[in-house]
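Hi there,

Here is the structure we talked about, ready for you to open and turn around. Have a look at it first, then read my notes below.

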Amino acid sequence: MPKSHPEPSPATAKELYANAIKCAFPGCEQPLYRVNEDDSRSLNSRIAHICARQEGGPRWDPAMSSEDNRSVSNLLVLCIEHADEIDQPARVGAYPTAVLHEWKRQQLAYFNEHKNGWQISQSEAEEVIRESTRQEITIQAEVINLGGFGGAAPGAGGGAGGAIGQGVRGGKGGKGGKRSNNSPTRINLKGEDGRAPGAGGGGSGGIDPDSPLFWRGGDTTPTFGSFSFLGIDGNDGGDTTFGPAGGEPLLRAKGGKGGLVGTGKRSVSEKVTVSSLMLANHIEFREVFGYITGACFQHYNILNLGDGLSFTGIAVLEFGGAPTGEYGITVAALDPENKEVSSVRLAFNISKAGDILRIACKFSVRVTVNMFGMWTIVVRHGSKDLARLPIVVQQGVPS
């Protein structure tokens, strides 16, 4: 069995995150956690080993002790993409230990300049250790045979199937065939067939769908983009007017423009679309999933004109094919006369373009109901309406 060192401790994970702000990969601005609109956090990083935890892994040091291997000095905090990048067999030569130690020095220097690390809880520390170590697999043979070998003699039983990943079970075996020793490097999930009369077949194998053993490269594989939520732009200030009540103002002082989050340099792309738009009573995000309750209704009940109402909903934005840059999305509420009553502006930074980049965002537009009838929720990008959702606001006891 290959030698393997223990996992890092939760205390070590807390120390690493307390002294880091963003991914250590030079030029990468990915935060270690994404902060959601409800102030919850989603893990966006991994703890990477400079010298591998398991014999045969990237940059393995046979002279290193277990204590040194799991210490802060041998660990580096990277975003998910770059934690995977430095351990890819075809790329590992580009990331020797000296390079990774220099990244670590720069990451600490950046923290010392800004003093704004991530304070993580015990459960968050356990989560990042679990996510960082659950897929450490060392490939040392030309053929990884997860299927059991078939019996090699009359009456011999077939071997049981192997498995990789939690919850994966090997099968009970197949029926016939023989092993080829001249095939190229492969992962064999099919059970070996029995080799003699009466011999049992080998069990089939299995791999966890999230395993890094699965091939994801090549020209025909879709690429996935990356983004970060910058926040909500400030609202414009209201105008000040002077003149007769109910008449045309004699003097108007324009209100100031609301401040923009991020750099304020917004890109516009025809690639940006909306694949789903709905209102709901409750929306919650946990990591990459959104949970919606009380959706797809047709009307709101309001007791009196002048009452306040919040249009709360979710928009699923599609940025597939859009180039990198900052993008603004406006969600507006239009009254029955098609006049914009209120709006919010959401901003996103696309740090990596991809064939698929799907962003689910929660919005809440607060209005004062000035009339009953058919209102409309509009999602805009630049001067283009991406989606419109009609909703009736009627008089009645709020439900």
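Let's begin with helix α5, which has twelve residues and reaches 17 Å from its first C-alpha to its last, close to the 16 Å expected at 1.5 Å a residue. Keep in mind as you read that this is a predicted model.

Which residues of α5 are buried? They are E124, A125, E127, V128, I129, S132 and T133. Among the elements covering them are α1, β1, β2 and β3.

Now click over to helix α1, which spans residues 10-18. Its buried residues are T12, A13, L16, Y17 and A18. The cover over these includes three strands at the start of the chain's numbering, β1 (33-35), β2 (41-43) and β3 (45-49). Strand β4 (75-79) and the helices α4 (97-114) and α5 (122-133) are also part of that cover. So α1 turns up in the cover of α5, and α5 turns up in the cover of α1.

Next, the strand I'd spend some time on: β15, residues 325-334. Ten of its ten residues are buried, so the strand is largely enclosed by the rest of the structure. G325, Y327, I329, V331 and A333 point one way, while E326, G328, T330, A332 and L334 point the other way, and all of them are buried.

Which strands does β15 pair with? Here's what I found:

- β10 (residues 266-267) pairs with β15 in the parallel sense, over two bridges. S267 has Y327 as its bridge partner in β15.
- β16 (residues 340-352) runs antiparallel to β15, and ten bridges join the two. Here Y327 stands opposite F348.
- β18 (residues 373-381) is also antiparallel to β15, with five bridges between them. In this case L334 of β15 stands opposite T376.

β15 and β16 also form a hairpin, with five residues between the two strands. Look in the turn for N338, whose phi is positive, at about 65°.

That brings me to two other residues with unusual backbone angles. Most residues other than glycine have a negative phi. R59 has a positive one, near 60°, and C296 has one near 65°. R59 is in the loop between β3 and α2 (66-69), and C296 is in the loop between β12 (289-295) and β13. Is each of them buried or exposed? R59 counts as buried, because its relative accessibility is 14% and the cut-off for buried is under 20%. C296 is exposed, with a relative accessible area of 64%.

On to the aromatic rings. How many aromatic pairs does the structure hold? Twelve. One of them is F25 with W103, an edge-to-face pair with 5.0 Å from centre to centre and 65° between the planes. This pair links distant parts of the chain: F25 is in the loop between α1 and β1, W103 is in helix α4, and they are 78 residues apart. W103 counts as buried, at 7% relative accessibility.

Another pair to find is Y300 with F311. Their ring centres are 5.4 Å apart and their planes are at 80°, so this pair is edge-to-face. Y300 lies in strand β13 (residues 299-302) and F311 in strand β14 (residues 308-318), so the pair ties together parts that are eleven residues apart in sequence. Y300 is buried at 13% relative accessible area, and F311 is buried at 0%.

Ring pairs also link F227, F229, F319, Y327 and F348 into a cluster. You have met two of those names already: Y327 and F348 stand opposite each other in β15 and β16.

Two charged side chains sit over rings as well. K22 lies over the face of Y110, at 4.3 Å from the ring centre. R34 does this with F227, at 5.4 Å from the ring centre, and F227 belongs to the ring cluster above.

Last one: P96, in the loop between α3 (80-85) and α4. P96 counts as partly exposed, at 36% relative accessibility. The C-alpha atoms of P96 and I86 are separated by 9.0 Å, and the two residues are ten apart along the chain.

Happy exploring!

Conventions: Residues numbered from 1 in each chain as written. Predicted model: local features only at pLDDT ≥ 70, side-chain atom pairs only at ≥ 80, totals over all residues. Heavy atoms only, no water. Buried < 20%, exposed > 50% of the residue type's maximum accessible area, 1.4 Å probe, protein only. Helix = DSSP H or I, 4+ residues; strand = E, 2+ residues; numbered from the N terminus. Pairing = 2+ DSSP bridges. Contact = heavy atoms within 4.5 Å. Expected span 1.5 Å × (residues − 1). Phe/Tyr/Trp six-rings, centres within 6.5 Å; stacked < 30°, edge-to-face > 60°. Lys NZ or Arg CZ within 6 Å of the ring centre and 35° of its normal.
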